[in-house]
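Student: I have just opened this one and don't know my way around yet. Could you walk me through it?
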Amino acid sequence: MSTSHYKHPDYYLIDELLTDEHKIIRDSVRDWVNREVKPIIEEANLKHEAPMHLIKKMGENGIFGPFIPEEYGGAGLDYISYGLIMQELERGDSAVRSTASVQTSLVMYPIFAFGADEQKKKYLPKLASAELIGCFGLTEPNHGSDPGSMITKIEDKGSHYLLNGAKMWITNSTIADIGIVWAKDEEGIVRGIIVEKGMEGLSAPETHGKWSLRASVTGELVFDDVKVPKENLLPKSKGLKSPLMCLNSARYGIAWGVIGAASECYDTALRYSLERKQFDRYIGSFQLQQKKLAEMVTEITKAQLLAWRLGVLKNDNKATAQMISMAKRNNVKIALDITREARQVLGAMGVTSDFPIMRHMMNLESVITYEGTHDIHLLITGHDITDIPAYK
Ligand SMILES: Cc1cc2nc3c(=O)[nH]c(=O)nc-3n(C[C@H](O)[C@H](O)[C@H](O)COP(=O)(O)OP(=O)(O)OC[C@H]3O[C@@H](n4cnc5c(N)ncnc54)[C@H](O)[C@@H]3O)c2cc1C
């Protein structure tokens, strides 16, 4: 069964809520994913190799920084366009979407939001075109869900900053030209600073043995007395709020992105159920299989509406961090549940790389943990509605 006949579920005619421009952008990224990602992704996943040429092509195709203004190399698009791009990329693979999320929301966005004009001019156009690859270092070996307790620090040495500490689980750390690193200053205030490949004392060892996001690299960032020029500090970054604002942008993209992975698994299971016969009947004619498929399309439809409404709110600057948390949490969970149900519809075939389902399932095990775990997002909603933080 080929996946080239993919039909995107649109049970509630959500297309009618999109502008012509949205649809053109979505369709062009969908075509690009069909041409460039689908044919190579299973092998890249099996071999645990990041397809570097795709990063270059994403730069050439304007996929990085869609909401960054054109004067800095972005496309100046709205947030629904950004969401649709993420949806189509993640239908291809969560690792490909992760690279685009990191480059856009975790590297370009902080430079745009907290950087000096010279920093914006120096880095943003090159990040947009993929001449530079970026990474984002917040998580530490002993501080994941609680990044405010980080111990990585910068000290003002007059002519430069001295950076010491370590970051872990950093997407693209080994291939990055620059990294946005979050560290505490002498007053304990979290600041963002740009580190560049080749700086003395900076190393980025790869993390091996990942069973998830295998088509991207993950590694550490280790800082051993790294001298960082003063002009690399992001001047407007002050406090944990700054990296959290970046995460909000990335989480928004994830809420859309996972709809792509879920939709491809649903579509694959639906078509398989109408081709595979057991007991002389298509398996799609059995009530138990129809229940699975009907619940999948229901959850996808709800997730689409959540993402679309969040996009409208984000365009109007009304999307709160808590709203984004709810959408990230809900949509990743339903996507992961859908991969598990879809895999069962395919029986044994579902565990092979002939179909995309198991790859999406393994990928989503990371997506449900990174950018705030499933449980932490629940606590964010709990905090918001009760006004009582239950994290500690
Ligand atoms: C493939 C991959 C790529 C990543 N890329 C990046 C990256 O590019 N940059 C970056 O900075 N980070 C990245 N991360 C790190 C990711 O953001 C962290 O893994 C995540 O924040 C969780 O931290 P942790 O793994 O240390 O888990 P922990 O914080 O140790 O949590 C373990 C468990 O305890 C639960 N828990 C923790 N605190 C509480 C609490 N107060 N109440 C209830 N339960 C709690 C969590 O929900 C979780 O289930 C990546 C992770 C993965 C897997």
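Student: Let's start with L132: is that residue buried or exposed?
Tutor: This is a predicted model, and in it L132 counts as buried because it has 20 C-beta neighbours inside 10 Å, where 20 or more is the cut-off for that label.

Student: Where does L132 sit, and which residues is L132 in contact with?
Tutor: L132 is found in the loop between helix 5 (117-128) and strand 1, and, leaving aside neighbours within four places in sequence, its contacts are Y123, K126, L127, D177 and I178. The C-alpha atoms of L132 and K56 are separated by 9.4 Å, with their positions 76 residues apart along the chain.

Student: OK, new topic: how is the protein chain divided into domains?
Tutor: The protein chain is divided into domain 1 (14-128), domain 2 (134-232) and domain 3 (241-386). The C-alpha centres of domain 2 and domain 3 lie 30 Å apart, and the contact takes ten residues from domain 2 and nine residues from domain 3.

Student: What classes of residue are on the domain 2 side of that contact?
Tutor: The side of domain 2 that touches domain 3 has seven nonpolar and three polar residues, with no charged residues.

Student: And the ligand, which residues come nearest to it?
Tutor: There are 21 residues around the ligand, and of these L138, T139, G144, S145 and T373 come nearest. The elements giving two or more residues to that shell are strand 1 (134-137), strand 3 (160-171) and helix 10 (374-386).

Student: Which domains does the shell draw on, and what is its make-up by class?
Tutor: Domain 2 (134-232) and domain 3 (241-386) each supply at least three residues to the shell around the ligand, and by class that shell has ten nonpolar, nine polar and two charged residues.

Student: Now the inside: how many residues are in the largest nonpolar core?
Tutor: The largest nonpolar core has 108 residues, and L163, I193 and A262 are those with the most contacts inside it. The largest share of this core comes from helix 6 (residues 241-273), which gives 15 residues. As background, nonpolar side chains in soluble globular proteins tend to be buried together.

Student: What does I193 touch?
Tutor: Not counting residues up to four places away in sequence, I193 touches I154, Y161, L163, V181, A183, V228, N232, L233 and L234.

Student: Back towards the start of the chain, why would you call helix 3 largely enclosed?
Tutor: Helix 3 is largely enclosed by the rest of the structure because 14 of its 14 residues are buried. Its length also fits expectation, because at 1.5 Å a residue the 14 residues of helix 3 (residues 79-92) should span 20 Å, and its end C-alpha atoms are 20 Å apart.

Student: Which residues does I25 touch?
Tutor: I25 lies in helix 1 (residues 20-47) and touches S81, L84 and I85, not counting residues up to four places away in sequence. I25 is buried, with 24 other C-beta atoms within 10 Å, and I25 and Y82, which are 57 residues apart in sequence, are 9.3 Å apart in space, C-alpha to C-alpha.

Student: Last thing, what about the backbone at N172 and D225?
Tutor: Neither is a glycine, yet N172 has a positive phi of about 70° and D225 has a positive phi of about 55°. N172 is in the loop between strand 3 and strand 4 (178-184) and counts as buried, with 25 C-beta neighbours inside 10 Å, whereas D225 lies in strand 7 (residues 218-229) and counts as exposed, with 11 C-beta neighbours inside 10 Å.

Terms used: Residues are numbered from 1 along each chain as its sequence is written. This is a predicted model: local features need pLDDT of at least 70, side-chain atom pairs count only at pLDDT 80 or more; totals for chains, interfaces and linings use all residues. A nonpolar core is a set of buried Ala, Val, Leu, Ile, Met, Phe, Trp, Tyr and Cys residues joined through C-beta atoms within 7 Å. A residue is buried if 20 or more other C-beta atoms lie within 10 Å of its own, exposed if 12 or fewer, and partly exposed in between; C-beta atoms are placed from the backbone. Helices (H or I, at least four residues) and strands (E, at least two) are DSSP runs, numbered from the N terminus. Two residues are in contact if their C-beta atoms, placed from the backbone, lie within 7 Å. A residue is near a molecule or strand if its C-beta atom, placed from the backbone, lies within 6 Å of it. Ala, Val, Leu, Ile, Met, Phe, Trp, Tyr, Cys and Pro count as nonpolar, Asp, Glu, Lys and Arg as charged, and the others, Gly among them, as polar. Domain bounds come from an automatic or database domain assignment. The expected span of a helix is 1.5 Å times one less than its number of residues.
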